Every structure is written in structure tokens, then in C-alpha cells.
Amino acid sequence: MADTRVKFCGVTFKNPLAAASAEPTLNAANMKKCIDSGAGAVIAKTMTDSAGMRELTQRAKWRFLDQKHEVCHGKVPRGFSLYSRSGLALEPPDDFMKEITETIKYAREKDAVVIGSIASTDIDGWVSLGKQMQDGGVPMVELNFGCPHPKLMPGMRTGMNVGQDFDYACEITRKVSDALDIPVIIKVTPQVNDLVLFSEMLHKAGARAVTLTNRFIGFVPDIQTGQPLIYGKAGIGGPWTKPLTLRWINEVRTMLGDKLEITGTNGAYDWRDIVMFIMSGARIVQMCSAVMCYGYSWLDKQVKGLEEFMDEKGYKTIDQMLGIATDSCMEYGEMPHEKASVNQALCKNCGLCLKACFSGAMQQGDETVYLNEENCVGCGGCYSVCPVKGTIEMVKC
Ligand SMILES: Cc1cc2nc3c(=O)[nH]c(=O)nc-3n(C[C@H](O)[C@H](O)[C@H](O)COP(=O)(O)O)c2cc1C
């Protein structure tokens, strides 16, 4: 049977699935449920010394939206969005640490890892929260430079307001890393130009790993009322963000390799996505929205799905999958030439490929389409839309 263990920041995790820092990890009771559901790790809701950021969570609101960005009211589709307003951990640090230490004790019996998450509004605060986490016994701490909500609050210098100020973020990273003995992970916002540059700067400032990435800010009007959904702009994400996240995981792995470890979040819906995150280069995959939609038992299903996939494909360890897709990427100039090949005996003459061809390669014949090979650039549009498997194949030439 496949071995799902993976090493991250010097610690062995029994599997790569972590419950991300959010409401499912709001307190010890919730974190225990994630652990009971088989998560390899829980990342506690972000502990903060900012009363303003704690208070937001008392006013939390969220909606699951369908592909039209309307409230689902029933079955939540695979491509949903989670549109949410929320803050950080409810309790002040001294109280929240009790939740953490209680969870650590519980996690030990279940072979799960508890990761701390912190956010402050000044450098001394970041250092002191980090020390509190270390003294409480977490093996590593995540600094939340990605929370979108401070952007919506005038003058709030935390979360993505830090993550968008690379120099300030590195100053915090350096001070916290110097003050702590445990590894420091930086959770970044995707709302910047260059996460490769930022990751390199964070590495030089002492970060052991990066969390790629927190969520976006969005805006959704309700067209029936003319009012903004949940009263205004909010954090937005969902499974559709996955390729955007994987792009950064791909680029950071490509540029920094083993120098900086990667944990991924923002778009992991199920075990297939966990595999995609790993094949892109993430050792640990953090999941939030899907758990908030389907409940804690969703975690268990994904761990089992991952095990089954590995067995079926013959992957014995997570390391055998780590970054393999990223490491196989080709530049445009390196790609082999391809052309479409049409099996006219299978063609149902539906015409879909004709609509999807823009190089004049697919042509209408008497009873089926045929290929004008000279015009074919090998884009694969026809192959993607053809509804009859095997009718159109892409062949290297
Ligand atoms: C309601 C809600 C609350 C969240 N709270 C936190 C938080 O306290 N700290 C943090 O680092 N990220 C927080 N996040 C972000 C998640 O940890 C996660 O990174 C993000 O939702 C992307 O993962 P997903 O696509 O699996 O949802 C929150 C997300 C949501 C939806």
C-alpha cells in the first residue's frame, strides 16, 4: 500500500492533507474534528493581537455561489465560489494558546501535526506572537501575510497589506526567524505581480517555506436587489482558482528548488487536486472551502482517494510525485510539433470541430469532416471539442 507520509519543514506528516487556517480550525473542538477526519495536519485559525481583526469574525458572513455567481440554495456545484467576510481567531492570544495546547496534546495521540498561524499589526507583535506559539509547542508557525480582509479596513497594517509591501514583509520575516528556533512559513497573497521574486526575498530573510497562496478580493452585486452580496467586497476563492495557484507553485519550485519548501492552498477541492498540487511542487496541501461546504468528513474521503490513486498508479511515496509535472514543463520552443489525425469511420459529422478550428484545417466533406493537413498547426481545439473518443487524435510529427 502507498506510503502517504511526507516531510515538511523537518517534520514527518502522516499524509499531505492539512485543514487550512479558517473556521474549521477556529478552536480546539473544531481542530479535533479535522484530526478525527484523518487530516495530517491542522493549521489553527490565525491568532492575532489586533482586537479589530478578532472582532470581524463575530460578524462573519459567507455564501456559496454557483457558476453564475448567485447563491446556490441547494446543490453546490464543483466549480463553486466561496464569497466570504471574516476575520481572525476570536480569542485574544493568551486564551487562544489554550486552544492550541489542548489540540497539540490530542494531535499527538492521532499522529497529526498542529501548525500555528499568527498576524500582528507591528513588528514587535509578530515576534511576540511567534514566541508564544513556539513556547506553546507548535513545530512550525505560519505568518499570515495573505489575509484579504485588512485591505477592506482603512489603516489596518496586517494580512495582505503586509504581503503587498515586500520590504516590510521581509523585515518581519527576518525578525521573527531570528527570534525563533522553529521553522517560519510565510503565507502570501496572490494579489501581487511577482511571487517568485517575493519568495526569493522571503527565503533570504529566513523563511523556511511559503504558503502559496491566500485568497483574492472580489465583488458580487445581487442583480435582484441592486445591493452588494453580504454588504460589500469580500474574500473570494473556490476550486476554479487552482490553476492560478499552481502557476505560482510551479514557478517558485522552478526558480528556488529545494531552497524553499512549498505548501499549497487556494483551489484544492478533492484528492485529484491534492495530486495536482503535489505534482506542481507542494509538499503539504491545505484545504478550506470544500470542508466549509461539505463538512469535516470531506477530509477523510480525500485521504482515502489519494491512497487509492497512488496504489492504482503505482506511486509508492509522495516524493515520487513531488513536482514531477513542474519539472517536465517545456518552453514554447521546446514543444514537439503535432497535427490532428481524423478517423473518419468514427466521425458523426456533428460539426463541433469545424467551429473550433481557426486555421482552415478541419473541412466539411460529404458525410464527415476531413483534415487539410497542410493548414493544421496542431492546436488541439478540434480534439478538445470532439464528443466521440478516438475520432480526433493529436499525433507528434
Ligand atoms: C471563511 C474563511 C476564513 C479564513 N480564515 C483564515 C485565517 O484565519 N487565516 C488564514 O491564514 N487564512 C484564512 N483563510 C484562508 C484559508 O486558509 C485558505 O487558504 C483559503 O480559503 C484557500 O483555500 P481553499 O481554496 O481550500 O478554500 C480563510 C478562508 C475562509 C473562506
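In this predicted model, a nonpolar patch on the surface is formed by Met330, Tyr332 and Met335, which together offer about 420 Å² of accessible area. Patches here are made of residues with over 30% relative accessible area and no salt bridge, with like charges joined within 9 Å and nonpolar side chains (Val, Leu, Ile, Met, Phe, Trp, Tyr) within 5 Å. Accessible areas come from the Shrake-Rupley method with a 1.4 Å probe, and for residues only the protein chains shown count as cover. Met330 itself sits in the loop between α12 (324–327) and β18 (338–342); helices (H or I, at least four residues) and strands (E, at least two) are DSSP runs numbered from the N terminus.

Residues are numbered from 1 along each chain as its sequence is written. Local features need pLDDT of at least 70 and side-chain atom pairs count only at pLDDT 80 or more, while totals for chains, interfaces and linings use all residues, and side-chain values use heavy atoms, leaving out hydrogens and water.

Helix α8 (residues 242–256) takes part in two helix pairs worth following in the structure. With helix α7 (residues 195–204), the axes come within 9 Å and cross at roughly 50 degrees; axes are lines fitted to C-alpha atoms, for helices over the stretch in contact, and angles run from 0 to 180 degrees between N-to-C directions. This makes α7 oblique to α8, since angles under 35 degrees count as roughly parallel, over 145 as roughly antiparallel, 65 to 115 as roughly perpendicular and the rest as oblique. Leu195, Val196, Ser199 and Glu200 of α7 meet Trp248, Glu251, Val252, Met255 and Leu256 of α8, contact meaning heavy atoms within 4.5 Å.

With helix α9 (residues 271–280), the axis of α8 comes within 8 Å and crosses at roughly 25 degrees. Therefore α8 is roughly parallel to α9. On the α8 side, Lys242, Thr245, Leu246, Ile249, Asn250 and Arg253 meet Asp273, Met276, Phe277 and Ser280 in α9.

Glu23 and Lys45 join their side chains in a salt bridge (3.0 Å, N to O), defined as a side-chain nitrogen of Lys or Arg within 4 Å of a carboxyl oxygen of Asp or Glu. This pair links distant parts of the chain, 22 residues apart, with Glu23 in the loop between β3 (17–19) and α1 (28–36) and Lys45 in the loop between β4 (41–43) and β5 (47–48).

Two backbone details complete the picture. His69, in the loop between β6 (61–65) and β7 (81–85), has a positive phi of about 65 degrees although it is not a glycine. Leu212 and Thr213 are joined by a cis peptide bond, with omega about -5 degrees.
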